[in-house]
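Welcome! Please open the sequence and the 3D view side by side, and try each exercise before you read its solution.

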Amino acid sequence: MLINNWYVACASGDVVPGKPTRVQMLGCHFVLFRDAAGAVACLSDVCPHRGAALGDGELVGHEVACPYHGWRFGADGRCSQIPALGPGVAPPKRVRVDRYPTQEKYGWVWAFLGDLPEAARPRIPDLFPEYDDTTHWRRMPYQFEANANWMRFEENSLDTAHTNFVHRQFGAKRTPKLEPFPIEPTEWGARVAREKPAPQQDQKSGEIARLLAADRRSTRVALEFSLVGVCHRIQPTFREGMSQINFTARTPIDPWRSRAIGWQARNYLLEPEHDAERMAGIRLAVEEDLRVVEKVEPKLTPRSPTEEFLTETDGMEVAFRRVVARYAAAGNEIDVERFERLRRRQVLVIPSPARREDPSNWVHQTVPLVGDGGG
Ligand code: FES
Ligand SMILES: [Fe+2]
């Protein structure tokens, strides 16, 4: 798992005024709520007093009150009040929690989980410019969780060859040979465009079967991923002018579980009454993927490619692993084995930008990183 990256915490609508929301990412818990200006505050969820979950507390004005002894924390992470000490006693500076930068984009709350100053942070990618074009695109939200590591899960979506074997409605099992396709690296990811044989007409059902000509030979598929936000966009064009976009972000819940949040947009059958059929298609595809991916071993992607047997058709997965390895080598990788061991008796939090400016005066330690010298 990587720090110093943007992750989608939840849908914007999940952070409602007047109530805190609790979210788990990178094995740590966070509390989200709206500040006086309506912006989303994202704080470490563990109370520095005796460890209760701030996200289970209540909002008093624009501060979150811990459910255990009522200590209040503002959107800046500082404690403003310790009720049992009485009014007029200013809490010590050390009584504070980490606060993480947030941004709302594509209807989601993105949190920057790391300590880089603003100028050094990567930008959230512009992978879904159609988001605002609701005249030509009908979009539907979806969300699901997987008992799979975030890399294993993301590799599944970037994998070209699996569709023919895993997906009943759009795999072409009878014509599985893939033509070589050039992969174009981007700053934090890669993109590829390819033609794939169209599935047999009898694999499709409902309205989409009616729309697609029986003599259709191929589907054009454009695929692009970005490590920033761990997101990707997959756009099949079934025939001229009839296209669909799946834009999905993956957030590690902990080393073993991931959450996907996504939009599916289509530029055909724009009326809402066609949503149910498209949603059923998404649900089926997710079930088909999870049946395979949740059983893949080892649970964490191996560090050495020699521990699996990769071929040239695994090109996008390899491109993904390369960009992850590059970001990890810059000192951003959580040491999962040590983290799992230490967290039983120690609160470990993701370092926030305020820590880089002022490393002392914090109650909680930060997560161990690969190569930080700890044993
Ligand atoms: S544990 Fe939060 S106020 Fe005591
Ligand atoms: Fe799949």
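The exercises below walk through this predicted model, each followed by a worked solution.

**Exercise 1. Domains**

Find the domains of the protein chain and describe the side of domain 1 that touches domain 2.

*Solution.*
Step 1. Start with the bounds: the domain assignment gives domain 1 as 1-123 + 334-375, and domain 2 as 129-325.
Step 2. Taken over C-alpha atoms, the centres of domain 1 and domain 2 are separated by 33 Å.
Step 3. Now look at the contact, to which domain 1 brings 16 residues and domain 2 brings 12 residues.
Step 4. On the domain 1 side, the elements giving two or more residues are β1 (5-11), β2 (21-25) and β11 (108-113). The most comes from β1, with 5 residues.
Step 5. Sort that side by class: 12 residues are nonpolar, 3 are polar and 1 is charged.

**Exercise 2. The neighbours of strand β18**

Locate β18 (residues 257-266) and work out which strands pair with this strand, and in what sense.

*Solution.*
Step 1. Judge how covered the strand is: 9 of the 10 residues of β18 are buried.
Step 2. Take strand β12 (residues 138-146), which pairs with β18 in the antiparallel sense over 9 bridges. To see one of these pairs, find Arg 139, whose bridge partner in β18 is Ala 265.
Step 3. Turn to strand β17 (residues 242-254), which is joined to β18 by 10 bridges and also runs antiparallel to β18. Here Gln 244 stands opposite Arg 266 of β18.
Step 4. Follow the chain from β17 to β18: 2 residues lie between them, and the two strands form a hairpin.

**Exercise 3. An open sheet**

Trace the open sheet that contains β5, and name its edge strands.

*Solution.*
Step 1. The sheet has 4 strands in the order β5-β6-β7-β8, and the pairing is antiparallel.
Step 2. Its edges are β5 and β8 (79-81), since each of them pairs on one side only.
Step 3. Inside the sheet, strand β6 (residues 63-65) is joined to strand β7 (residues 72-73) by 2 bridges. One pair to look for is Val 64 with its bridge partner in β7, Phe 73.
Step 4. Next, visit the loop between β4 (40-44) and β5 (58-60), where His 49 is found. This residue counts as partly exposed because 17 other C-beta atoms lie within 10 Å, between the limits of 12 for exposed and 20 for buried.
Step 5. Leaving aside neighbours within four places in sequence, the contacts of His 49 are Cys 66, Tyr 68, His 69 and Trp 71.

**Exercise 4. Checking a helix**

Check whether the length of helix α5 (residues 315-332) agrees with the expected span, then see what covers its buried residues.

*Solution.*
Step 1. The helix has 18 residues, so at 1.5 Å a residue the expected span is 26 Å. The C-alpha atoms at its ends are 24 Å apart, which agrees.
Step 2. The buried residues of α5 include Gly 315, Met 316, Glu 317, Ala 319, Phe 320 and Val 324.
Step 3. Among the elements that cover them are α1 (150-158), β13 (184-185), β14 (189-197) and β15 (218-226).
Step 4. Compare Ala 328, also found in α5. Ala 328 counts as partly exposed because it has 17 C-beta neighbours inside 10 Å.
Step 5. Beyond its neighbours within four places in sequence, Ala 328 is in contact with Leu 2, Glu 333 and Val 370.

**Exercise 5. Backbone details in loops**

Where do Val 230, Leu 269 and Pro 298 lie, and what is noted about the backbone there?

*Solution.*
Step 1. Val 230 lies in the loop between β15 and β16 (231-239). Its phi is positive, about 40°, although Val 230 is not a glycine. Val 230 is buried because 26 other C-beta atoms lie within 10 Å.
Step 2. Leu 269 lies in the loop between β18 and α4. Its phi is near 40°, again a positive value in a residue other than glycine. With 18 C-beta neighbours inside 10 Å, Leu 269 is partly exposed.
Step 3. Pro 298 lies in the loop between α4 (275-293) and α5. The peptide bond leading from Glu 297 to Pro 298 is cis, with omega near -15°.

Technical notes
Residues are numbered from 1 along each chain as its sequence is written. Chains are lettered from A and ligands numbered from 1 in the order in which they are written. This is a predicted model: local features need pLDDT of at least 70, side-chain atom pairs count only at pLDDT 80 or more; totals for chains, interfaces and linings use all residues. Two strands pair if DSSP finds at least two bridges between them. The expected span of a helix is 1.5 Å times one less than its number of residues. Two residues are in contact if their C-beta atoms, placed from the backbone, lie within 7 Å. Domain bounds come from an automatic or database domain assignment. Ala, Val, Leu, Ile, Met, Phe, Trp, Tyr, Cys and Pro count as nonpolar, Asp, Glu, Lys and Arg as charged, and the others, Gly among them, as polar.
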